[in-house]
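Subject: Structure for you to look at

Dear colleague,

I am passing on the structure we spoke about, with the sequence beside it. Please have it open while you read the notes that follow.

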Amino acid sequence: MNQAERQQAADEAYREQIRNNTLSELEDIYAHLDRMVYPQRFEMVHQELEGRLRALDAKGEMPGDEAMGGAGFFRRLWAGLVDLFVLVLVLGLLFLAVEAAVGLGQGFGAEEAVAPQDRRGEIAQLMDVLSAGGVGALLFYLGGLALLKWKVLLGILAFKAVLTLTAWLRSGMTPGMREAGVRLESAGGGVPSARQALVRFLGQYVLFALTVGISSLWMIWDHRKQALHDKLSGTRVVRTPRSWEKPADIRIYD
C-alpha cells in the first residue's frame with residue numbers, strides 16, 4: 001500500500017469517527033482543527049456539521065427530546081431539591097464575595113483600631129430598647145427587624161425568579177429539571193410564554209399558601225399530572241429523556 005492509499009484509508013477512518021461525535025464535539029473539533037495541515041479532514045468536519053444542522057432545521061427541535069408523558073411527584077421533587085441546592089450555593093458564594101469586599105474596604109479605610117462590638121443577645125438588646133423608649137420604641141424596633149427580614153426574603157425570591165424564568169423561557173428546564181429529566185412546556189406543547197412562566201412562578205407560592213400545600217400535591221391524582229399552578233398558567237411538566245438515556249444515534253445531536 002503506497003502513501004496515497006494509506007492517507008485515503010486514514011481519512012475514511014476519520015470520517016467514520018466523526019460520525020459518532022456529538023454536535024458540540026464537532027463544533028470544538030471544527031474550531032481547533034488546523035485547516036492548512038489537514039484540509040480534507042477539515043472539509044469532512046464541515047460537511048458533517050452542515051448535515052447535522054440541516055437535519056435539526058428540518059425537524060424543528062432536537063431529536064429525542066419528545067415528551068414522555070407527565071412527570072411524577074418524586075421526579076419533580078428531586079428537581080426542586082437540586083435547584084434549591086444551586087440557589088443556596090450561588091447565594092452563599094455571592095454573600096462571601098460581598099463580605100470579603102466589605103472587609104477589604106474597611107481594612108483599607110480604617111486608620112485606627114475599632115473597638116469590638118458588644119455581642120449581647122437579642123433579648124438583651126430588646127430590654128435596652130424597652131427601658132430606653134418604652135413599649136412604643138420596642139414595637140418600632142420589632143417592626144424594623146420584621147421589615148428587614150421581609151426585604152431579604154423578597155430579594156432572594158427576586159433572584160430566584162430571574163434564574164428560573166430565564167431557564168424556563170430558554171429551554172423549559174432549570175438545572176434541577178435537566179438533572180431529573182423533566183421539562184416545563186405549554187399545555188399545548190412548546191416552550192411556555194413569558195406570561196405563562198410568570199403566572200406559574202408567582203402562582204405556585206400564592207396557591208401553596210392558600211391551600212396549605214395541596215396545590216403542589218394536586219399532580220398526584222390529576223390525570224395530566226398538573227399541579228394547580230400548572231392549570232392556572234396553562235402549563236405542564238413532562239418527562240424528557242436525559243442525554244445518557246437517548247440512543248447512540250440520537251446523542252450525536254446533543
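In what follows, two residues are said to be in contact when they have heavy atoms within 4.5 Å of each other. Please keep in mind that this is a predicted model.

With that meaning of contact, and leaving aside residues up to four places away in sequence, W168 touches M173, T174, M177, L184, V191, P192, A197, R200, F201 and Q204. W168 also belongs to the largest nonpolar core, a set of 13 residues in which L165, W168, M177, V182 and V237 have the most contacts. At least two residues of this core come from each of α5, α6, β1 (182-186) and α7, and α5 is the element that gives the most, with three residues. Apart from this core there is a second, separate one of nine residues, including I18, L26, V45 and L49. As a general point, nonpolar side chains tend to be buried together in soluble globular proteins.

The other finding is a pocket, the largest in the model, which has a volume of about 940 Å³. Its lining is made up of 30 residues, and those that lie nearest the centre are R76, G80, D83, K160 and Q204. Two or more lining residues are given by each of α4 (73-109), α5 (122-170), α6 (175-180), α7 (194-211) and α8 (214-217), with the largest share, ten residues, coming from α4. Sorted by class, the lining has 19 nonpolar residues, seven polar ones and four charged ones. Q204, then, is both among the residues that W168 touches and among those nearest the centre of this pocket.

With best wishes

Definitions and conventions. Residues are numbered from 1 along each chain as its sequence is written. This is a predicted model: local features need pLDDT of at least 70, side-chain atom pairs count only at pLDDT 80 or more; totals for chains, interfaces and linings use all residues. Side-chain values use heavy atoms; hydrogens and water are left out. On a 1 Å grid over the protein atoms alone, a cavity is a set of points where a 1.4 Å probe fits but cannot get out, and a pocket is an open set with protein on both sides within 12 Å along at least five of seven lines; lining residues have an atom within 4 Å of a point. Grid points are joined across faces, edges and corners, and a volume is the space filled by probe spheres set on the points. Helices (H or I, at least four residues) and strands (E, at least two) are DSSP runs, numbered from the N terminus. Ala, Val, Leu, Ile, Met, Phe, Trp, Tyr, Cys and Pro count as nonpolar, Asp, Glu, Lys and Arg as charged, and the others, Gly among them, as polar. A nonpolar core is a set of buried Ala, Val, Leu, Ile, Met, Phe, Trp, Tyr and Cys residues joined through side-chain atoms within 4.5 Å. Buried means under 20% relative accessible area, exposed over 50%, partly exposed in between (1.4 Å probe, protein chains only).
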